[in-house]
Amino acid sequence: MIPAAFEYELAGSVDEALALLGRDEDAKLLAGGHSLVPAMRLRISRPSLLVDIGRLDDLRYVREDGDRIAIGALTRHAALVRDPVLAQHCAVIGAVAALIGDPQVRHRGTIGGSVAHGDPASDLTTILLTLDADFVAQGTDGTRTIPAAEFFLGPFDTALARQEMLTEIRIPKVAAGTYLKHVRREHDWATVGVAAARVDGRVQIGLTSMGPTPLRARSVEEALAGGASAAEAATHTADGTEPPSDVSASSAYRAHLAQVLVERALAEL
Ligand SMILES: Cc1cc2nc3c(=O)[nH]c(=O)nc-3n(C[C@H](O)[C@H](O)[C@H](O)COP(=O)(O)OP(=O)(O)OC[C@H]3O[C@@H](n4cnc5c(N)ncnc54)[C@H](O)[C@@H]3O)c2cc1C
């Protein structure tokens with residue numbers, strides 16, 4: 001389908017993008033366009049003004065910052081896959097990015113767009129939640145940092161204010177992490193995805209497509225911390241989740257699949 005009519009502005013800086021967002025109540029930022037444009041074509045999204053931030057190259061970076069890694073919001077998925085800092089200090093991010101869509105999607109889509117879009121089927125959001133990432137958002141009154149655990153509010157709903165832009169993602173350095181994505185066909189979205197990582201000596205688990213937002217499998221984490229085996233802990237995978245039923249899988253199938261993947265992910269850690 002053809003999108004509804006909209007205006008277009010190219011932002012030359014974050015401040016300019018924020019000012020343009022303030023010009024129109026229905027204005028939206030455009031980063032890689034690989035979630036927003038399909039939604040516009042289906043007329044699920046009808047922004048009156050698109051503020052293109054795709055040329056803000058200052059926001060494309062990955063750098064060490066003490067015991068953290070800072071990633072610019074406009075860093076593309078393909079850049080995450082081959083980044084040497086991530087390869088050395090948090091290789092699971094590149095491994096997850098490599099599983100997103102197809103090469104075209106990975107060469108246009110951005111990590112900030114994935115986070116801001118808030119899709120419960122997104123792969124990057126699950127690993128970022130698992131790692132207790134922090135999201136840096138700039139608004140007209142300054143900058144604030146939002147912990148991942150407080151960021152995802154519902155399907156396609158996040159803690160970002162309307163006139164706020166995500167500028168940076170901050171993650172810890174981790175030695176061990178994995179992400180298992182079950183798909184029906186190559187390049188598909190996850191029927192279920194499971195992330196596992198060792199963060200500060202603790203095993204942390206995240207789930208994709210098991211509820212309205214990316215989720216942490218807290219019961220599994222607590223069982224492991226209490227000395228349970230991987231198999232015992234994995235039986236708690238579906239606790240507190242709301243796996244959807246759709247054309248890809250039933251709710252019960254997703255719950256079973258997630259348990260199997262959690263056990264496998266723990267074996268890989
Ligand atoms: C065919 C196809 C297959 C895909 N497969 C997968 C997959 O397997 N796994 C997966 O995780 N994803 C998948 N995606 C989604 C892809 O990863 C998108 O690139 C990503 O979700 C959005 O990033 P973007 O830069 O394209 O954002 P855009 O589409 O430009 O924007 C998405 C939303 O975020 C907002 N936004 C963007 N950047 C910012 C910012 N810096 N601050 C505040 N708001 C912002 C926009 O206003 C918009 O509402 C797929 C997409 C397509 C088209």
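## A tour starting at D24

Select D24 and D26: the side chain of D24 reaches the backbone nitrogen of D26 at 3.0 Å. That is a polar contact, meaning a pair of N or O atoms within 3.5 Å; within protein, one must be able to donate a hydrogen and the other to accept it, and residues adjacent in sequence count only if both atoms are side-chain atoms. This is a predicted model, in which local features need pLDDT of at least 70 and side-chain atom pairs count only at pLDDT 80 or more, while totals for chains, interfaces and linings use all residues. Residues are numbered from 1 along each chain as its sequence is written, and side-chain values use heavy atoms, with hydrogens and water left out.

**Stay on D24.** Add S48: a polar contact of 2.9 Å joins its side chain to that of D24. Leaving aside neighbours within four places in sequence, D24 is in contact (heavy atoms within 4.5 Å) with S48, L49 and R162. D24 sits in the loop between α1 (14-23) and β2 (27-30); helices (H or I, at least four residues) and strands (E, at least two) are DSSP runs, numbered from the N terminus. D24 is partly exposed, with a relative accessible area of 22%. On that scale buried means under 20%, exposed over 50%, and partly exposed in between, with a 1.4 Å probe and protein chains only. For a long view, display V174: its C-alpha atom is separated from that of D24 by 42 Å, and the two residues are 150 apart along the chain.

**Colour by domain.** Use 7-52 for domain 1, 57-172 for domain 2 and 177-268 for domain 3; these bounds come from an automatic or database domain assignment. The C-alpha centres of domain 1 and domain 2 lie 19 Å apart. The contact between them takes 15 residues from domain 1 and 16 residues from domain 2.

**Show the ligand.** Of the 28 residues around it, L29, H34, S35, L36 and T110 come nearest; a residue counts here if one of its heavy atoms lies within 4 Å. Then look at the ligand's oxygen atoms:

- T110: a side-chain N or O atom is 2.6 Å from a ligand oxygen.
- H77: a side-chain N or O atom is 3.0 Å from a ligand oxygen.
- G101: a backbone N or O atom lies 3.2 Å from a ligand oxygen.

Taken alone the ligand exposes 970 Å², of which the protein buries 90%, by the Shrake-Rupley method with a 1.4 Å probe.

**Select I93, F135, I169 and I171.** These have the most contacts inside the largest nonpolar core, which has 37 residues. Such a core is a set of buried Ala, Val, Leu, Ile, Met, Phe, Trp, Tyr and Cys residues joined through side-chain atoms within 4.5 Å. Elements that each supply at least two of its residues include β6 (134-139), α8 (123-130) and β10 (164-172). Domain 2 and domain 3 each give the core at least three residues. Apart from it lies another core, of 21 residues, among them L215, A217, A258 and L266.

**Move to α8.** Eight of the eight residues of α8 are buried, so this helix is largely enclosed by the rest of the structure. After α8 comes D132, whose phi is positive, near 55°.

**Finish at Q204.** The side chain of D132 makes a polar contact with the side chain of Q204 at 3.2 Å. Q204 lies in strand β13 (residues 202-208) and is buried, with a relative accessible area of 5%. Beyond four places in sequence, the residues Q204 touches include T130, L131, A195 and R216.
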